[in-house]
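Trainee: Could we go through the inside of this protein together, starting with any empty space and then moving on to the packing and the cysteines?

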Amino acid sequence: MKGRYKIIRCGQLYDGVTAEWKPGQSILVDGGRIAAVGAQVPEPENALEIDLRDCQVTPGMIDAHMHMDYIDWHTVREEVYTTSEEAKTLAIARCARMALARGFTTVRHVGGITSNGYGVLDVKEAVERGYLPGARIVAAPVFLCTAGSHGDLSQGFARNPQLSGLLQRQRPGLGSGRDFFANAVREQVKYGTDFLKIMATGGFFTPYDTPVQQQLSDGELETIITTAHELGKTVTAHVYTNELMQKLIRLGIDGMEHGSLMNEETAAMIEERGIYLVPTFSPYEEAVHYDPERLKDKQPEFRRKLELYREALQAGREVICHSKIRLGYGTDFVAVHQNYESGYEYEAWMNSGMKPFEALRAATSTNAGILGLEDCIGTVEVGKYADISAWKRDLMKDPKALLDCAFVMKEGEIYETESCLGEGEDEAILSEVEER
């Protein structure tokens, strides 16, 4: 709905900063920005009034760890090599639209799982220009990695070296040596990356590596971070082990993804340096809160590694949840959930004993800072973009509340919403919450 002025009447308002719900608040939207917030706001003539008095109103949510370039997690491995770059760009556009319809007005794409190109930057620009509806995108199109690493999806063809080698060469950020990675950083900056992403250790999703392997040399890591900083870009790293996290801290890393095997010493170092961590709880839920039946839904190698590292993942989760690290909210869905179903991470935070406002702040103001957009999004404040989401379920009690968006506005424009919950599941969850 277009029109210069809109007045949103809130039931309860969370502003993205203060851990409280403010009742009886209104938001005046002027064009694409917030003009006033309070119990009373100016009421320009012909302003469109939006009644959300039966909702909890929040800033637009932000997912800080997303891979947007696949259509369906069931076929993500096949999509790596059986779909065109054009099809992968369409998948990105679809993901941006679907995420927005679920109340996530901004997402951060942390490297292509299926794609080897830069379609995400084209979708980002198309959304910014208003050509396509979708969540605002911050993107690193390509992650930097080495042969056989977690970033080398040709691992799946490792028993056919000729084919694997051919496919490996399609990855523009895959290489070896200081010179290669210095130039790779410069190329990514030239092509328009917003930040740099390193695949520093192995992972759970890929078949022939482990989460405890260091997969770039110390010199390569130093070169990437130094070159990126010289060019004004931040660097984040996919990383699990304490030794490598501590090494990256000393090298000046800006942020980390996962960190799932950390101990208290590492957590203290991260806290001291003010480095952010996007812990992506959801992918490890079946191991941390052990559920062998749900583990069967994972790909075989993913399932095997979760079983192997189950106790270490449980211990690491405890450390993260009791730390004072600047935690961001991110999903990393490549198994079980679709990439745009970002609300499932909220349930994982709640199940881990995190307070609802800790998760909400992570998904709003903290993530805005991680993305470098704290001046324009992440809070409901005068002068910020009018990115607003609303929820009819009780975010304080219902772990699935963030899966069921009732209203979404991005830069003052209202979009249709879609729920992640199917019929029947919806009623069952409400009944369970009421019983509590």
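Mentor: Let me start with a term: a cavity here is a set of grid points where a 1.4 Å probe fits but cannot get out, and its lining residues have an atom within 4 Å of a point. Keep in mind as well that this is a predicted model.

Trainee: OK, so how many cavities of 30 Å³ or more are there?

Mentor: The count comes to four, and the largest cavity holds about 180 Å³ of space.

Trainee: Which residues lie nearest the centre of that largest one?

Mentor: Its lining is made up of 18 residues, and those nearest the centre are H150, F205, H238, D332 and V334. Sorted by class, the lining has ten nonpolar, six polar and two charged residues.

Trainee: Switching to packing, which residues touch the most other members of the largest nonpolar core?

Mentor: Those are I198 and L248, in a core of 72 residues, to which helix 2 (residues 85-101) gives the largest share, with seven residues. There is also a second, separate core of 26 residues, with F204, L295, A335 and L421 among them.

Trainee: And what does L248 touch?

Mentor: Leaving aside residues up to four places away in sequence, L248 is in contact with A200, L221, I225, A237, V239, I253 and M256.

Trainee: Last topic: how many disulfides are there?

Mentor: The structure has zero.

Trainee: Why is C55 not bonded to C405?

Mentor: Because the sulfur of C405, although the closest cysteine sulfur to that of C55, is 8.8 Å away, which is too far for a bond. C376 is in no disulfide either, since its nearest cysteine sulfur, again in C405, is 20 Å away.

Trainee: Is C376 buried or exposed?

Mentor: C376 counts as buried, because its relative accessibility is 16%, and C55 counts as buried too, at 5%.

Notes:
Residues are numbered from 1 along each chain as its sequence is written. This is a predicted model: local features need pLDDT of at least 70, side-chain atom pairs count only at pLDDT 80 or more; totals for chains, interfaces and linings use all residues. Side-chain values use heavy atoms; hydrogens and water are left out. A nonpolar core is a set of buried Ala, Val, Leu, Ile, Met, Phe, Trp, Tyr and Cys residues joined through side-chain atoms within 4.5 Å. Buried means under 20% relative accessible area, exposed over 50%, partly exposed in between (1.4 Å probe, protein chains only). Helices (H or I, at least four residues) and strands (E, at least two) are DSSP runs, numbered from the N terminus. Contact means heavy atoms within 4.5 Å. On a 1 Å grid over the protein atoms alone, a cavity is a set of points where a 1.4 Å probe fits but cannot get out, and a pocket is an open set with protein on both sides within 12 Å along at least five of seven lines; lining residues have an atom within 4 Å of a point. Grid points are joined across faces, edges and corners, and a volume is the space filled by probe spheres set on the points. Ala, Val, Leu, Ile, Met, Phe, Trp, Tyr, Cys and Pro count as nonpolar, Asp, Glu, Lys and Arg as charged, and the others, Gly among them, as polar. A disulfide is a pair of cysteine sulfur atoms within 2.5 Å.
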